[in-house]
Amino acid sequence: MKRVLLSGIILILVASIFFVPTSRGASGGDIEIFSDLQILDVGDVFGGHITWVIHGEYAKELRTAIGEKYGVSRIDLGTASKYFKHDLERVVENNRFGCGYLAFVRISRADPLHDDTQGILNNPDDVAGLIGPVNSTSDITLRMLIRGEPVDGRHFAVTDNLTFAPFYALVNNQSEISKFNLNSASVEKHHSEILAGFGSLNYPSGFLTLRLILGQYVSMGGEWIEYSPFDPLNSPLILFVIFAASAYVIKKFSEILGKKKRGTLMERKARNFGNVMKIILFAIYLLLPLYGIWYMVIVGISLAGSYFGIKKIYGS
């Protein structure tokens, strides 16, 4: 069981690194947004990443607006840092024009992915492609690290407001947004969440989802998602505890029923049978993320089957 638990921890750590959104190159969308939430609800940690990738003419529109605001024809790191720290961060943190939510998390803190020193970005990659002449149409990639607090109810994983936040950051009121041709922009949204703790995620069916022993992973677009802070019937962590308890009970069945037949072929068969049942229960836990009540029913049936199967092997 220690090896299984260690494997689960490694899986979560790998997933939290591997699924950080990054630019994936040109696609069918004029604007792409890659986002993720990484939640440790036992420690009240709700953070994540947002990456905007803006292509072609829309990248030029954004550069032109930055150039007009700061009175420059060429954007350098200082100007790009002002835009990020004074404009983009504030529109997200202050929830201006509805840009302050990522899924069910109200963003309270936003920073460049690699932070800044006295207002100057530590890594130009956080504004990749932005530095240069304002009339350029090369891609712009903006990378942000966020933290926040969960809110109740169902929320879109990624809203249009958040998708267009790099543009909304350069306007003072709703009417000024129309200077950008955002209604014609094709948008692609990519969102993932990884949860560790006692909570659970609720979302439409049909999306990639995995249980990772201590938590849950889900990947989707901009559809709705909902977070429950404590869900004993569906929390992957609680269900893993149920699996671990069932594995221990199966082991005890073999020890109690075969107490007088240790070292025999029957004991080996009973142990192998018990191990197969544990593997099946663990596979169901990982690969078939059913509602918890159904998993508990399966565990109950498996325990009964294990008891009578082991009893039959020992000829009891």
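A surface patch is made of residues with over 30% relative accessible area and no salt bridge, where like charges are joined within 9 Å and nonpolar side chains (Val, Leu, Ile, Met, Phe, Trp, Tyr) within 5 Å. The model is predicted, with local features requiring pLDDT of at least 70 and side-chain atom pairs counting only at pLDDT 80 or more, whereas totals for chains, interfaces and linings use all residues. Residues are numbered from 1 along each chain as its sequence is written, and side-chain values use heavy atoms, with hydrogens and water left out.

**Exercise 1.** Determine which residues make the nonpolar surface patch of about 460 Å², and place V42.

*Solution.* The patch is made by L40, V42, V45, F198 and F230. Of these residues, V42 is placed in the loop between β1 (31-40) and β2 (45-54), strands being DSSP runs of E with at least two residues, and helices runs of H or I with at least four, numbered from the N terminus. That loop between β1 and β2 also holds D44, a residue other than glycine whose phi is positive, near 55 degrees.

**Exercise 2.** Decide whether Q118 is buried or exposed, and describe its backbone.

*Solution.* Q118 lies in the loop between β6 (116-117) and β7 (120-121), and its phi is near 55 degrees, a positive value in a residue other than glycine. Its relative accessibility is 81%, so Q118 counts as exposed (over 50%; buried is under 20%, partly exposed in between, with a 1.4 Å probe and protein chains only).

**Exercise 3.** Find which residues S302 touches, not counting residues up to four places away in sequence.

*Solution.* S302 belongs to helix α8 (residues 292-313) and is buried, with a relative accessible area of 12%. With contact meaning heavy atoms within 4.5 Å, S302 touches M277 and L281 beyond that sequence limit.

Key
Areas by Shrake-Rupley, 256 points an atom, 1.4 Å probe, with all protein chains shown as cover. Salt bridge = Lys/Arg side-chain N within 4 Å of Asp/Glu carboxyl O.
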